[in-house]
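Explain how this structure is put together, starting where its chains meet and then turning to the interior.

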There are 2 protein chains.
Amino acid sequence: MATIRDVAKLAGVSVATISRFLNKNGYVNEETKLRVEQAIKTLQYEPNAMARGLAGRKTGTIALIFPDITNPFFAELARAVEDVARMYGYTVILCNSDNQADKEQTYIRVLKQRYVDGILFASYSLRSDDVDALNNEKIPFIMLDRAPRETSCTVVSSKHLEGAQQAVQHLLDEGCTKIAHIYGPQDTVTGRERFMGYEQSVKHFPWYSPSLVEPGYFRVDGGMEAVENLMKRHPDIDGIFAGNDTMAVGALKKLQRMGVRVPDQVALCGFDGIDLTVIVEPEITTVAQSIYDMGMLSTRLLIKKIEGDNSEDQTHLFDVKLIPRESTRRKRKE
Amino acid sequence: MATIRDVAKLAGVSVATISRFLNKNGYVNEETKLRVEQAIKTLQYEPNAMARGLAGRKTGTIALIFPDITNPFFAELARAVEDVARMYGYTVILCNSDNQADKEQTYIRVLKQRYVDGILFASYSLRSDDVDALNNEKIPFIMLDRAPRETSCTVVSSKHLEGAQQAVQHLLDEGCTKIAHIYGPQDTVTGRERFMGYEQSVKHFPWYSPSLVEPGYFRVDGGMEAVENLMKRHPDIDGIFAGNDTMAVGALKKLQRMGVRVPDQVALCGFDGIDLTVIVEPEITTVAQSIYDMGMLSTRLLIKKIEGDNSEDQTHLFDVKLIPRESTRRKRKE
DNA sequence: AAACGATGTGTAACCGGTTACCTATTTCAT
DNA sequence: ATGAAATAGGTAACCGGTTACACATCGTTT
């Protein structure tokens, strides 16, 4: 493989000129440019990213740390991140943390060694002091759906609380008179805020009871189990708001197995807007997040930071949108 | 950040000794080792991967090129690859090709620049001469489900043909008397071999007709459309073998919409064994590939190659396994 | 006693870029 | 006419590792 010195020799200039040409900084005469271009072409020269990284402390690499690529939500996010990164000439490193703090720590260490230019976090186990550490080391990073207390950093998230309220309101509008909630892990912002949204929307109703909520761990089987418990306690439930789509899918499955008709007997609404919701029958009403857009924005923000943007850290909140589908389309009482 | 020279100074030895210690090659006195260890700890020294890569031409990075991370099959594959890679101290770069040759070309160029140690291909647009080029440049790589003609390389794949035959046989065993096939892209090995398996299994039946097959493009909507066309042409179809699970899910959806009972009226079988098949109701019978295992094996093979294994290129064929589920559980005629 | 291999460590070149600093010429405003 | 600014490009140090080679010591073999 040709090196920059080979090119310099062939073009009859110094390496500095080649470097200036490549990086488009400093002055290079037009004629010289042509000669350099020619030399690069004949030698099929490709600058070595390793050397570049070492000398310039830029690797053109960003890391994406999240729980599990197998989860459709994160897969879509990853897709957006990779698309944008490629557009800007960056490469994406994939890190599955399984929400385990130690894995995350290892990743951070390894990524530092590898001089990644920035990190995108969509994982929940990060502690506040880890965030501080990153800040101190001046590694640009963005948090998705997670705002560490007290430390300033850029956060990209959705209006979970508002979305949850919309979901419950929608169920009420469809005529539901007793609405349960399957909630996600309460150590996540998403799980917590959606729970709160539900609670705030229903607590003033006479039918409300704390036994109308059940954990579902953001998983399909969790949703199934939750439904079973809920229906056992309250056979007269006629609406369920699941804290995410995965649990909603599980809920639907269990309801169908139990012979409960959706939406006539029980209406069901999820949260996230992943494709799974339109794959099942009936299709599930959901509060859609702009997953792809969130991925795009966070990547753009990260790259901006990497490339020297020093503006204040900000929290970006995305609107969510209720998408009514069959799982809540109830025949109205006249 | 501390460098190797800082460590050397503190430990009172030369950089060579530190390097030898770190890489466990060459002799280092036991007492010296202790001093070096101590120095590394006090300075919180982390070797710089960039410098290592430049000097040693090893980056500890492998790339995974496939169509789309959003596809559950590839997501699971990616998960396996990342898990194994992490175990061996490698980092995974994510590349979505969308099966576009130009994107793949760009990736290969970029990845070469970045000195990835090896590449895992699960994308289909690669041409034979591209493979040759990789071979010439001595970049270790593995192909998943794709054997380029004439060039030798390591391939990891499944017994698609056999699996397809199993699927059809299973439908026959369940009493189906007219079986259609929704096929995937014929420029993919997977699509082609499964089609062939179907054809070979049914062509000798009197009911067989070429109009019993319909393309579904490996997509949900493709599966839906295919079912519509098939049922229009042959309302008496009582079994469908879909070339992958995604299309099977689409087929199920359309059948349900059309009011066709699954499995009583039409039995349905997919291929791949992704989670989607147990999320829908009824759960879909499928020919499961060992997706995770395939990912693990190919990553192991790749890393072996990277670390100097020169043994002959081989083709590894995984067994597939039919998993009977509700979508084919028909009441037998006595 | 000489020769040899194993052990232990240091020196310095090298990997392939970037860039601070320097020199030289040309342009242009005062 | 003159000095500042813009243009053009070269030299060499530097990024932080790896490793070939040299050298020294010590135990073992012949």
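How many residue pairs are in polar contact between chain B and chain A? In this predicted model, the count is 39 residue pairs, with both residues at pLDDT 80 or more. Salt bridges across the interface of chain B and chain A number 16. One of them joins the side chains of A:Arg257 and B:Glu283, at 2.9 Å from N to O. On the side of chain B that touches chain A, at least two residues each come from helices H4 (49-56), H5 (72-87), H6 (101-113), H11 (245-257) and H12 (276-279), and from strand E2 (91-96).

Contact between the chains involves 48 residues of chain B and 48 residues of chain A. About 4300 Å² is buried between them, and carbon and sulfur atoms give 55% of that area. Within chain B, B:Met50, B:Arg79 and B:Arg114 lose the most area to chain A, together 16% of what that side buries.

Turning to the interior, the largest nonpolar core has 150 residues. Those with the most contacts inside this core are Ile182, Tyr198 and Ile240 of chain A and of chain B. Apart from this core lies another, of 36 residues, including A:Cys95, B:Ile93, B:Val131 and B:Met143. Beyond its neighbours within four places in sequence, B:Ile240 is in contact with nine residues' worth of surroundings that include B:Ile182, B:Val227, B:Leu255 and B:Leu268.B:Tyr198 belongs to helix H9 of chain B (residues 189-202), where B:Phe195 and B:Val202 are also among the buried residues. This helix has 14 residues and reaches 20 Å from its first C-alpha to its last, close to the 20 Å expected at 1.5 Å a residue. Its buried residues pack against helix H8 (160-173) and strands E6 (179-183), E7 (213-215), E8 (239-242) and E9 (267-272) of chain B.

Methods. Residues are numbered from 1 along each chain as its sequence is written. Chains are lettered from A and ligands numbered from 1 in the order in which they are written. This is a predicted model: local features need pLDDT of at least 70, side-chain atom pairs count only at pLDDT 80 or more; totals for chains, interfaces and linings use all residues. Side-chain values use heavy atoms; hydrogens and water are left out. A nonpolar core is a set of buried Ala, Val, Leu, Ile, Met, Phe, Trp, Tyr and Cys residues joined through side-chain atoms within 4.5 Å. Buried means under 20% relative accessible area, exposed over 50%, partly exposed in between (1.4 Å probe, protein chains only). Contact means heavy atoms within 4.5 Å. The expected span of a helix is 1.5 Å times one less than its number of residues. Buried area is the accessible area (1.4 Å probe) that two parts lose on being put together, summed over both. A salt bridge is a side-chain nitrogen of Lys or Arg within 4 Å of a carboxyl oxygen of Asp or Glu. A polar contact is a pair of N or O atoms within 3.5 Å; within protein, one must be able to donate a hydrogen and the other to accept it, and residues adjacent in sequence count only if both atoms are side-chain atoms.
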